[in-house]
Amino acid sequence: MEQFSQIIADTLKLPLHRVENTLKLLQGGATIPFISRYRKEATGGLDEVQIGDIHAKYEKLVELDKRKHTVLTSIKEQGKLTDELQLRIENCWEATELEDIYLPYKPKRKTRAEIARQKGLEPLALLLMMQRENDLKKKVQEFVKGEVKDESDALKGARDIIAEQISEDERARNQIRNLFSRQGMVTAKVIKRKESDEAAAKYRDYFDFNEPLKRCSSHRLLAIRRGESEGILKVTLSPAHEEECNERLERIFIRNKNACSKQVEEAIKDAYKRLLGPAIETEYATLSKEHADDEAIRVFAENLRQLLLAAPLGQKRTLGIDPGFRTGCKIVCLDAQGTLLHNEAIFPHPPRSEASQAARKLVKLVEQYNIEAIAIGNGTASRETERFVTSLRYDREVQVFVVSEDGASIYSASKTAREEFPDYDVTVRGAVSIARRLMDPLAELVKIDPKSIGVGQYQHDVNQTKLKASLDQTVESCVNLVGVNVNTASKHLLTYVSGLGPVLAQNIVNYRTENGPFRSREDLLKVPRMGAKAFEQCAGFLRIPQGQNPLDNSAVHPESYRIVEKMAKDLQCSVADLIKDKALRAKIELDRYVTDTVGLPTLTDILQELDKPGRDPRQKIQFFEFDKNIRTIDDITEDMELPGIITNITNFGCFVDLGIKENGLVHISQLADQFVSDPTSVVSIHQHIRVRVLSVDHERKRINLTMKGIKQA
C-alpha cells in the first residue's frame, strides 16, 4: 500500500501522509461521507471529491497490480522472463505501457505471421530487417522449400512476420499514438441505404461530419457512437495527415536503400494499414469514449445532486394531483408525515368536463383534510389542471406547486411502491409520489433508479458500472449531507446512510415498528446486527428530534459528546443551555479542548453545529408561476420574454420548462453575457429563470432561448 500511496499522492498532487491516512480509513471500513465529516484531522480536511478520487485511483492500481501478476506468470511460463523484463514490469504503473510490454509475449490466435514462422520464414524476416543483404534473390531461394511455393510466397511470409513485429514495437506504437493524440480526426458518414430512414433523421447533423478528436465534445461523440451502434453512421478515427504515419515508421525501421529495405517498406505499409492503425484507432476510440462517458456521468451526477438537494416544502398537509384528460385527475391527500389518508379521481377536463362537480370535491377535500399545499404533476393536462386548481376559492390560503413527474411512473410500478401501497393501483401511487416530492424531494427520489429521474443525457450509452457507482455515491453524499430522521425515514432512505445498507436499514425499521420511536442514538445499538463499526459510521448522520439528549438531533458525533459536556461543565450550564444561548457559546475557547486526537477542525464543526443543531442545508422552497398566456408552442413568438424552470443541464446548455409540452434550449453560448465553459457554473436544476425567445421551429418542435441581457431574480 505504501507504493500505491506515493503514486496516488504524486498523481493527485496531495501530501503523502493525507493519502496514507485516507487509505487506512477506507480499508478499515470507513465510508467517504464519514471520513470527510468526522476525520478531518487525519485527512487534513480533504473533501468527498478528493477522498473519492483517492479511492478510485487505489482501485485502479489494485487492478493494475493484479494484471501485472498475470503478465509475469504468462511470460514466465513461456520461459522468456528475464530479470530486466521482470524489473521493468514490476516498476510499470501505466496500463497502456504494460500492455505494450506484454504484446510480443501475448498468446495469439493463428495469425499470418505465426503461419509464416511455422513455414520456417523467421530467419528470412530477420535478414530483411537487418537490410544488409545485397543479393536478396539468391538468399530467398534458400527458403523456397516445404510449404513455401516460390520466392514471392517466401517474401510475403517474411513481410507478414515483419508487419507483426512492427505493430508490436513500443516505439512504433508510441509514434502512432502521438499522431492520433495531436491530429486525430473523428469522421462520421451516413450509411447510404439508411439515409432516408425515419430513425436517421435525428443524426442528420452527423451525416457528413469531420472534427478534431480533441475538440469533439462528449455529447457529440456519444451521439455519433449511438448512431454507429444503431447502424446509421460509419465512424472512423484517423490522423489528419495519415501519410505521416508511414513516414514516421520508416524513420524507425528503414536503415538502408536496397532490395531488403524495399521489402521492409512494403511491410511497414501493411503493418500500419492492417494491424497498427486499426489497433491504435480502437485504443483511441475506447479512450475517447471513456472520457466522454466520464464527462457525461459528471454532468449527470451534478444534476442529480442539485435535484436531490432541491428545496423541500417540509412537513405540511399536502394534496397531490396526477393530472389527466380522459382518465381524469387522480387526487391523494397526505398528512404532514406523508401518510396517505384519502384518494379519488375528478374529471374537470374533456371529454367528461365535470368541472363543477370536480371543483366542489376539491374544495371539500382541502377543508376536510386541512390541506396546506397542492402538488400538481407536470405531465399531460398539467397546465389545464393548474389553471383549474388556482381558479377555486378555498377556506384557507393554499400554495399550489407544479412538480416534476419524471420517474413517478417507474416508481408507481416498482416493487418498492407495491410494498408501500399493496392495496392501491399505480395511479394512486404516482399521485402520492408527486405530493411527497414536494414535501421532501430527497426522501422520495431515493426510491427511484436515478437513471429514470430525467436529468441525464445518453445515460444508456455510457459505462453502466461507472454510472451506477457515481450516482450511488451522489445519492449517499446528499443523504448524509442532509441527515436522516431515524424515526420517520423509509428503509430506502436509510439504506444510503453511511455504514448501513439494505439489511441494517430494514432492521432499523423493524425495530422501530416493534419497539416504537428511538429515544436516543444509543438505542441504535439494540438493533440486530448493529455492531460498533456500523454505529460509528452511521450515528452522526441519524437524527432523533425530541430525543433524550439534545445532541442526538445534531451532526455532533456521539464520540464527541464528552467534549460538548466538558464545555458545558466548564461554563457551569447544561448542554441544552449551551445550544440555546449564543452568549454562552461565545465564551468557549476552542484551544482548551484540543487533544492528540481532536483538533481545531472537529472543534470548529462542533461549535457550528451547536449554533444550528440539525439545520437542513437545503434552501427554502420558492413559489413559481408560468406565463398564463402560453399554453402551446403556437403561442410562442420570437423576442418574447418568459419565466421558466431549468429541468436538465448538459455540456451544451440547459433545457427550460416554459409550461408547455416542449422544453426550450438555452445553448451554452446564450447562458450569460460572459464566456461560459461549464453550464453548471452558472445555472442549476430547478432554478427559476427568465429567458428571451430567439427562434421557434414549429416543424421540429424546437425553441431556442437566451439568458443574455436579462436580469435574473
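In the predicted model, Asn303 lies in helix α15, which covers residues 259–308. Its relative accessibility is 0%. Asn303 therefore counts as buried, since the cut-off for that class is under 20%. Leaving out residues up to four places away in sequence, Asn303 touches five named partners: Val455, Asn648, Ile649, Thr680 and Ile685.

A second buried position was examined in helix α11. This helix runs over residues 151–168 and holds Ile161. Ile161 is also assigned a relative accessibility of 0%, so Ile161 counts as buried. Neighbours within four places in sequence were again set aside. Ile161 is then in contact with Ala113, Ala116, Arg117, Leu121, Glu122 and Ala125. Leu124 stands 37 residues from Ile161 along the chain. The C-alpha atoms of Ile161 and Leu124 are separated by 9.4 Å.

The strands were considered next. Five of them form a closed barrel, in the order β11-β12-β13-β15-β14. Pairing within this barrel is mixed. On average, neighbouring strands of the sheet are turned by 50° against each other, with direction ignored. In general, the strands of a sheet pair through backbone hydrogen bonds, and the pairing is either parallel or antiparallel. Strands β14 and β15 pair in the antiparallel sense. Strand β14 spans residues 688–697, and strand β15 spans residues 702–706. The two are joined over 5 bridges. Within this pairing, Val696 stands opposite Ile703 of β15.

The whole chain was then surveyed. The protein chain has 713 residues, and 48% of them are buried. Its secondary structure comprises 29 helices and 15 strands. Along the principal axes, the C-alpha trace spans about 110 × 70 × 50 Å. Contacts with a separation of 6 or more were also sorted by distance along the sequence. Of these, 65% join residues 24 or more positions apart.

Surface and charge complete the description. The protein chain exposes about 36,000 Å². Carbon and sulfur atoms supply 48% of that area. Positive side chains number 107, and negative side chains number 107. The centres of these two sets lie 1 Å apart.

Conventions
Residues are numbered from 1 along each chain as its sequence is written. This is a predicted model: local features need pLDDT of at least 70, side-chain atom pairs count only at pLDDT 80 or more; totals for chains, interfaces and linings use all residues. Side-chain values use heavy atoms; hydrogens and water are left out. Two strands pair if DSSP finds at least two bridges between them. Helices (H or I, at least four residues) and strands (E, at least two) are DSSP runs, numbered from the N terminus. Axes are lines fitted to C-alpha atoms, for helices over the stretch in contact, and angles run from 0 to 180 degrees between N-to-C directions. Buried means under 20% relative accessible area, exposed over 50%, partly exposed in between (1.4 Å probe, protein chains only). Contact means heavy atoms within 4.5 Å. Accessible areas come from the Shrake-Rupley method with a 1.4 Å probe; for residues, only the protein chains shown count as cover. Lys and Arg count as positive and Asp and Glu as negative; His and the chain ends are not counted. The place of a charge is taken as NZ of Lys, CZ of Arg, CG of Asp or CD of Glu.
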